[in-house]
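Opened a new page for this chain. My plan is to go through the salt bridges, the record's site, the overall build and a couple of single residues.

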Amino acid sequence: APRLVVLASGTGSLLEALLAATGDGRLPVDVVGFVADRDCRAVEVAQRAGVPTAVVRPQDQPDRAAWDAALADHLQGLAPDWVVSAGFMRILGEAVLAAFPDRVVNTHPALLPSFPGAHAVRDALAHGVRVSGCTVHLVDAGTDTGPVLAQAAVPVLDDDDEASLHERIKVVERGLLVEVLAGLAVGGVEVVGRRTRWRPARPAPQ
Ligand code: GAR
């Protein structure tokens, strides 16, 4: 089965969803490693599941490039087919992207290209949109700018705050991420310019 490494910085509910899906056969991959950039609940989730876990902290490195190189090094040691940023709150640098070209996937809690960055849900609410959602995409050198793999829409309700909207998005996002990773594991995807085309080994996620 394809080897997957997951990156996260926070609660780790996406990681939990991925691990549950590997357990019940919806996601035919081996989660061979987990990496965080800080101490967080996701680390406990990974450890509890017996996934080899590391914390690669920016403050332990002299600069951003050194952190990026340390992260790339660690990831290469795990020999993943796919690296998944699932709630990882840092921009991945050149060393990581060069090591895994078109092999790094990110999930983002908005319909890109609207509301990139670290405060997507807050920004969408502040803008007053009536529909937001989530985007799973390949990572490139920009911030949330890589080719889109799949998106799902989620309504914004009148009385939503950041927490309630984010939770409604995450319910959909967990399912979408599992679906996309299963699609990558089984059939794969072709990237033509900015557009992605699913190989037909399995029905394409929307
Ligand atoms: C998810 O909604 C993910 O899209 C978002 O963090 C959440 C993590 O949830 N990521 C970003 O905003 C990246 N810019 P979790 O900690 O419960 O898995």
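**Entry 1: an Arg and its neighbour**

Is R38 buried, partly exposed or exposed? I looked it up, keeping in mind that this is a predicted model. R38 has a relative accessible area of 32%, so I put it down as partly exposed. Its salt-bridge partner is D37, and the closest N and O atoms of the two are 3.1 Å apart. For D37 the relative accessibility is 1%, so that residue goes down as buried. In this pair, then, D37 is buried, whereas R38 is partly exposed.

I followed the charges one step further. D37, R38 and R90 are linked in a network of salt bridges. The side chain of R90 also makes a polar contact with the side chain of D37, at 2.5 Å.

**Entry 2: other salt bridges**

How many salt bridges does the structure hold? I noted 9. Side chains of opposite charge can pair when their charged atoms come close. I picked two further pairs to look at.

R26 and D24 meet through their side chains, with 3.0 Å from N to O. R26 has 46% relative accessibility and counts as partly exposed. D24 has a relative accessible area of 48% and is partly exposed too. The cut-off for exposed is over 50%, so neither R26 at 46% nor D24 at 48% gets that label.

R122 and E162 form another salt bridge, with the closest N and O atoms 3.3 Å apart. Which parts of the chain does this pair link? R122 sits in helix 5 (residues 120-127) and E162 in helix 6 (residues 162-186), so I wrote it down as a link between distant parts of the chain, 40 residues apart. R122 is partly exposed at 42% relative accessible area, and E162 is partly exposed at 32%.

**Entry 3: the record's site**

Next I checked what UniProt has. Its unreviewed entry lists R64, M89, R90, I91, L92 and N106 under "binding site". From this set, M89, R90, I91, L92 and N106 belong to the lining of the largest pocket.

I took R90 since it had already turned up in the salt-bridge network with D37 and R38. Where is R90 in the chain? I found R90 in the loop between strand 4 (82-85) and helix 4 (94-99). R90 counts as partly exposed, with 33% relative accessibility. Leaving aside neighbours within four places in sequence, R90 is in contact with D37, R38, P58 and W67.

I91 is in the loop between strand 4 and helix 4 as well. I91 has 39% relative accessibility and counts as partly exposed. Not counting residues up to four places away in sequence, I91 touches R64, W67 and T143. R64 is also one of the positions on the UniProt list.

**Entry 4: the whole chain**

Stepping back, I counted 6 helices and 9 strands. The C-alpha atoms fill a box of roughly 45 × 40 × 35 Å along the principal axes. Does the radius of gyration agree or disagree with a compact globule? A compact globule with 206 residues would have a value near 17 Å, and the chain has 16 Å, which agrees.

Of the 206 residues, 48% count as buried. I also looked at contacts with a separation of 6 or more: residues 24 or more positions apart account for 61% of them.

**Entry 5: two buried residues**

A86 shares its loop, between strand 4 and helix 4, with R90 and I91. At 3% relative accessible area, A86 is buried. What does A86 touch, not counting residues up to four places away in sequence? I listed V6, L7, A8, L14, T107 and L177. I also took one distance: A86 and V104 are 18 residues apart in sequence, and their C-alpha atoms are 11 Å apart in space.

V105 is in strand 5 (residues 104-108). V105 counts as buried because its relative accessibility is 0%, and the cut-off is under 20%. Leaving aside neighbours within four places in sequence, I noted contacts of V105 with W82, V83, V84 and S85, and with V136, H137, L138 and V139. L149, L177, L181 and L184 are in contact with V105 as well. L177 had come up before, as a residue that A86 touches. For a distance, V105 and L165 are 23 Å apart, C-alpha to C-alpha, and 60 residues apart in sequence.

Key:
Residues are numbered from 1 along each chain as its sequence is written. This is a predicted model: local features need pLDDT of at least 70, side-chain atom pairs count only at pLDDT 80 or more; totals for chains, interfaces and linings use all residues. Side-chain values use heavy atoms; hydrogens and water are left out. A salt bridge is a side-chain nitrogen of Lys or Arg within 4 Å of a carboxyl oxygen of Asp or Glu. Buried means under 20% relative accessible area, exposed over 50%, partly exposed in between (1.4 Å probe, protein chains only). Helices (H or I, at least four residues) and strands (E, at least two) are DSSP runs, numbered from the N terminus. UniProt positions are given in the numbering used here, feature names are shortened, and annotations may be inferred rather than shown by experiment. On a 1 Å grid over the protein atoms alone, a cavity is a set of points where a 1.4 Å probe fits but cannot get out, and a pocket is an open set with protein on both sides within 12 Å along at least five of seven lines; lining residues have an atom within 4 Å of a point. Contact means heavy atoms within 4.5 Å. A polar contact is a pair of N or O atoms within 3.5 Å; within protein, one must be able to donate a hydrogen and the other to accept it, and residues adjacent in sequence count only if both atoms are side-chain atoms. The radius of gyration is taken over C-alpha atoms; the globule rule is 2.2 Å times the number of residues to the power 0.38.
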